[in-house]
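The following note is intended for a colleague meeting this structure for the first time. It takes up the cysteines and then the internal cavities.

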Amino acid sequence: MRITFCCADTDAPAWLDALRVAFPQAHVSVWQDGDAPADYAVVWAPPQMFFDQQTGLKAVFNIGAGVDALLEKRISPHTRIVRLDDAGMAVQMAEYVCHALIRHTREFDIHSAHMQAGQWTFREPLPRASFPVGILGMGVLGSRVAKAVAHFEFPVHGWSRSPKSKDGVRCFSGTNELPEFLASTRVLVNLLPLTPETENILNRTTLSQLQPGAYVINVARGRHLVEDDLLHLLASGHLAGATLDVFRTEPLPAAHPFWNHPKITLTPHTAAQTLRDVTIAQIARKLAALEQSQAIEGIVDVHKGY
Ligand code: NDP
Ligand code: OXD
C-alpha cells in the first residue's frame, strides 16, 4: 500500500515518522510532482496538481475538520474525502470558547485595565442568565462547546441544518428558525463549516438581530464574517465586542483594522489545533475499516459541502 503525504505548513519529517510507525507495511512518502499513484493520501491544502496526478486515490484524509479548501479542488469522484472527527480538537474548542465567553462576562479586561492603573474597584456581578449563548453549527465541535458552556450554567441555544434534540440546549434549525435563534442570543459562537450557504452568514442583517450589546466569537472560517459589517456594528454600539480566531486573509494583513481594535480580541487560527498522534491514530483506524469495506464516520458529503 502506498500512502502519500501532502500537507502545507506542516512539520513533514515528524508526520512521516509517525505515519511509518502507524503503517509499518505501507510505503509512506511526501508527495512530489510525478510520483507513482498512491492508494491513500493524508493532506492539508494540497495544490490542484496533486489531484490532477493522483486520480486513483481510494480516500484522502484531511488533517483538519474543515474541508472548504479541499472542496475547491477538482477531485476524482471515486476518491472518498474523510474529515477529522474531533481528534482532540473538540475539548480545545470548548476551552477557547469558554475562555472568551467568561473573559467577557466576568469583565476581566476591565479588571485588568483597572489593576494596571493601580485602581482597586468593585463591579456589580452580571447575571449569567442575561448572556444566552447561541452556537451556529451543532456538529462535532459545536455540541462539545454547548456542553461546556452549559456546565457554567449559561442558557445555551444551538442552530443546525437538521432538527436536533440535545439535553440542556434549546435547538433551532433551518433558515426559518434563524431569526428566532438570533433574537434569543447575546453571545454568538460560530462553528459552521464554510459552504456556499454559510459564506458571509455573519453580516449586518444577521448580527443586527442579536440582542443589544451582543458579543461575537468566530472560530470557524474568516469568510463567514463580513468584516466591515462587524466594524460598523461595533462602532454603533450594537455589538459589545468580538473574539476572532479566523480571518478572510491569513495571516491577518499588517494594515488590517482588526489589529489594535479596542473591542476585538485576536488569535492566530489556533482555537483547536490538529494533534498529530491522535490524528494519525484516527486515520489508521478509519483506513483499516475502509480496507475491510466497513462504514466510517467523517466521510464528507460533497453536495452538502461538509
Ligand atoms: P461538523 O460537520 O461536525 O458540524 C457542522 C454543523 O454545522 C452541523 O451541525 C451542521 O448541521 C451545521 N450546518 C452546516 N451547514 C448548515 C446550514 N446551511 N445551516 C445550518 N446549519 C448548518 O463540523 P465540526 O463541528 O467538526 O467543525 C465545524 C467547523 O469548525 C469546521 O468546518 C472548521 O471550519 C472549523 N474549525 C476551526 C478550527 C479553528 O482552530 N479555528 C479548528 C477546527 C475546525 P447538521 O448537524 O444538521 O448537519
Ligand atoms: C480545521 C482547522 O478545520 O484547523 O481543522 O481550522
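**Note on cysteines and cavities**

1. The model is predicted. Cysteine 171 is partly exposed, with a relative accessible area of 24%.

2. A disulfide requires two cysteine sulfur atoms within 2.5 Å, and by this rule the count comes to 0 disulfides. Cysteine 171 accordingly takes part in no disulfide: the nearest cysteine sulfur, belonging to cysteine 98, lies 17 Å away.

3. Cysteine 7 has its closest cysteine sulfur in cysteine 6, at 6.8 Å, and forms no bond with that sulfur because the separation is too great. As to its surroundings, cysteine 7 is buried, its relative accessible area being 14%.

4. Turning to internal space, a search of the whole structure finds 3 cavities of 30 Å³ or more. The largest cavity has a volume of about 50 Å³.

5. Which residues line the largest cavity? The lining consists of Arg2, Ile3, Thr4, His27, Ser29, Asp35, Ala36, Ala38 and Gln54. By character, these residues of the lining divide into 3 nonpolar, 4 polar and 2 charged.

6. Two strands deserve mention in connection with this lining. Strand 1 (2-7) and strand 2 (27-30) each supply at least two residues of the lining of the largest cavity. Strand 1 makes the greatest contribution, giving 3 residues.

Methods: Residues are numbered from 1 along each chain as its sequence is written. Chains are lettered from A and ligands numbered from 1 in the order in which they are written. This is a predicted model: local features need pLDDT of at least 70, side-chain atom pairs count only at pLDDT 80 or more; totals for chains, interfaces and linings use all residues. Side-chain values use heavy atoms; hydrogens and water are left out. Buried means under 20% relative accessible area, exposed over 50%, partly exposed in between (1.4 Å probe, protein chains only). On a 1 Å grid over the protein atoms alone, a cavity is a set of points where a 1.4 Å probe fits but cannot get out, and a pocket is an open set with protein on both sides within 12 Å along at least five of seven lines; lining residues have an atom within 4 Å of a point. Grid points are joined across faces, edges and corners, and a volume is the space filled by probe spheres set on the points. Helices (H or I, at least four residues) and strands (E, at least two) are DSSP runs, numbered from the N terminus. Ala, Val, Leu, Ile, Met, Phe, Trp, Tyr, Cys and Pro count as nonpolar, Asp, Glu, Lys and Arg as charged, and the others, Gly among them, as polar.
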